[in-house]
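The following exercises are to be worked with the sequence and the three-dimensional structure at hand. Each task is followed by a solution in steps.

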Amino acid sequence: MIHKSICYIRFRYPRTGIPILGKPWSPPISGSTSNFSSQGTLKPVLSVDGSCSDVELSYDRDTGIVWQTRAGSESKSLLPRRIRPLYQTIIGIEIHAQLAIPTKLFSSAPTSSASVNLHVHPFDLAYPGTLPSLSYSAVRAAVLSASALNCTVHKTSRFERKHYFYPDLPHGYQITQQRWPLGSGGFVEFESWTSPQQMKQKHGEQSKGGADEKKRRRGNKTRDGVANSNSNQLQSDKEFDVRKQKQDSVRLRIERVQLEQDTGKTTTHSMTSNHTKIYTSHIDYNRAGCALIEIVSHPDLRSAHEAAGAVETIRRLLRHVRSCDGRMENGSLRCDLNVSIAPIFDFFEDTDTLDYDVLRYLTEMGCNRPALPRDTGHRVEVKNLNSLRQIIAATEYEALRQSASSLCNNPTGRETRTFIVKPVSSEYPLGGETFCIRSKGDAVDYRFMPEPDLPPLVLDGTTLGYDDQVSSLEDYIRDIMPESLNDAAARLSKVYNLNDEVIRVITGDPPAIALLDESVDIARKELSILMSNDDEKSPFDDKIDSIPTLAANWLCNDLFALVKKSALEGKDGTSGTNDDELSITLIHPISVEYSTVDGKRLGSLIAMLVHGSITTSMAKKILSIMYKDDIVSTPQEIAKVNKYHVISDTKALVELCKSVVFHPKNASQLEQYKLGGKNVWKIEKYFVGKVMEQSGGNAHPEKMKEALSLVLTRI
């Protein structure tokens, strides 16, 4: 099976080694006689000796290595054979996160969504005579964000003007903190990104791979018909994949965190008139002036999955401290990639097999994070990526594009590109392509100058709202910072004994952590009260121990499902079903912060379920009523009104079973049961259904079956 984390692009060059001018995925340069076909092949119209050979490039999203491989049509292997590694990707990220505050950075205009150009202020539109007024809420949120990223928060920082001209920037400059940032010298630690689908596929392949492995050792064919000649290559690939999985967590250094203004939003529309396509641009200034933090990293990343993992980790951290909602689909968090390539080694000969120990050594040498590898190419900036899928695709596209250009002796210069989303097809296997929007032949002169209308930003009691006499900036940060994500995950694992997948879901939504803690505490207290009133004493410790796991499962599955459904419901009552509809139909973020069921009511429901007062089906109905129809009543009150209660008394169940078994309507079934035979179990099943129907679904299933068996044995 070909790994989904690898994409293969084929291009051609002459056997003589003299390249044909031109580069994949880009229009041919002046004088070029090459064209890029829809099959992903660069076909020279004119070559030196009139002959060409196929060369295939592949990119490993896990290691960030661009490989030269054999063409799939010339190899019978399941995986195209890797001939030699050529380049290593070097990646840095810039994240623009919109702060979750009610007003804009330098004006009183609200930041909530509204009609086009409704939430604007004269200062946001650069009206003459207007002056900026700094939002202290934005400063506090920026301090939280910088602290979450382990940055040194500077007590004094400065604002400055960054000059450039664009229609969605009314002032002609952006107020930022490029040279005197609010925070610097931070870091985040994370694991390389893996999609849930890949995790499931990986576990599935591991479970069924044992038989194939034994056959390879014996030299037999596998179920896919691959002969033993390919077994060494497959075994080497497998061993190398295992080594990749055992890598330690990656540390990404954060260069700076700075406060700055956002720009307006430009939307381009096209229309056809007289067979001519006309483009018009519309600008919405509702976003202009909103408070942003820009998070700039060092070029420490080496692969597409590392880049996605870093962005996802930073997004989770910002959501955890409540400084940004992290909704990439709405533009609240956007990512710019800086991608370049560096040759891994030039001495490796073309061989049929690879020494993976040498490869691992060279890969680790090339992944020396603090320093750039030698001969690193010019970085290419890819702007405004708003999903992890786009980050991975844009990184892979640029790695292959820059590698092909370098092999054609036409290395990529400094430029800014954007990622254009396309339907996945043979022409666009990655679901899009990068497109050059401007070249950076020389260093861009933004003419930075100190902002004359704003004094230096001093983080003191006036700005942050603490008493300078009894507290310091360090004490303030320590007091306002919530429990870190790593500490929260460790606590949930140690105290509640939850599995990693449940912990990942709960820590992904910070309000869910507090809701779980409250629900577990309430459930334990109410279960103690319920069991103290029981005539029959049952094991108390076992039921208490089951509460955290049960509460976490109900939170992650049932409650989150209700929250998601309410967030996706449109005005017509319909709901979105795919990712493309999220930005259109999402009413509120998918977070338990917007749940109408709080921890107290969820805990009461869990206590009733553990006690045995209600069944699982009853609990689901009660939860739905609590969420949609009755947002005030307790689970006990709802259960009483709807007559949801479990009949567990043996005498009551025996009388209920007698009323059903000896009812005249069931006389024929009773006679058949008396006759016996091999179909007696069907009659018993029939009576079970009738008893449950008679009880309105309230009969305790196990105890009811015992009572029914007692009644039938007496006949």
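**Exercise 1. The largest cavity**

Task: Determine which residues line the largest cavity and how the lining divides by class.

Solution. The lining consists of D124, D168, L169, P170, H171, Q261, D262, T263, G264, A288 and G289. Next, sort these residues by class. Asp counts as charged, and the lining includes D124, D168 and D262, in agreement with the 3 charged residues of the lining. Leu, Pro and Ala count as nonpolar; L169, P170 and A288 are among the lining residues, and the nonpolar class has 3 members. The polar class has 5, with Gly counted as polar. Finally, consider the volume: the largest cavity holds about 60 Å³ of space, and the structure has 4 cavities of 30 Å³ or more.

**Exercise 2. Strands around helix α6**

Task: Establish how β18 pairs with β17 and with β19, and state the handedness of the β-α-β unit.

Solution. Begin with β17 (residues 380-385) and β18 (residues 415-421), which run parallel and are joined by 4 bridges. One bridge places V380 with its partner E415 in β18. Then follow the chain: β17, helix α6 (residues 388-407) and β18 together make a left-handed β-α-β unit. Last, turn to β19 (residues 432-439), which pairs with β18 in the antiparallel sense over 7 bridges. In this pairing F419 stands opposite T434 of β19.

**Exercise 3. A sheet of three strands**

Task: Give the strand order of the open sheet that contains β9 and identify its edge strands.

Solution. The order is β10-β9-β20, with antiparallel pairing. The edges are β10 (173-176) and β20 (449-450), each of which pairs on one side only. Between β9 (residues 160-163) and β10 there are 4 bridges; one of them pairs E160 with T176 in β10. As a general point, strands of a sheet pair through backbone hydrogen bonds, either parallel or antiparallel.

**Exercise 4. Confidence in the model**

Task: Decide how residues 72-78 and residues 570-584 should be treated.

Solution. The model is predicted, with an average pLDDT of 78 for the protein and 75% of the residues scoring at least 70. Over residues 72-78 pLDDT stays under 50, and the model has 10 contacts beyond four places in sequence for them. Residues 570-584 also stay under 50, with 14 such contacts. Where pLDDT is low, predicted coordinates should not be read in detail.

Conventions. Residues are numbered from 1 along each chain as its sequence is written. This is a predicted model: local features need pLDDT of at least 70, side-chain atom pairs count only at pLDDT 80 or more; totals for chains, interfaces and linings use all residues. Side-chain values use heavy atoms; hydrogens and water are left out. On a 1 Å grid over the protein atoms alone, a cavity is a set of points where a 1.4 Å probe fits but cannot get out, and a pocket is an open set with protein on both sides within 12 Å along at least five of seven lines; lining residues have an atom within 4 Å of a point. Grid points are joined across faces, edges and corners, and a volume is the space filled by probe spheres set on the points. Two strands pair if DSSP finds at least two bridges between them. Helices (H or I, at least four residues) and strands (E, at least two) are DSSP runs, numbered from the N terminus. A crossover is right-handed if, with the strands pointing away from the viewer, the path from the first strand over the helix to the second runs clockwise. pLDDT is the predictor's confidence in each residue, from 0 to 100. Contact means heavy atoms within 4.5 Å.
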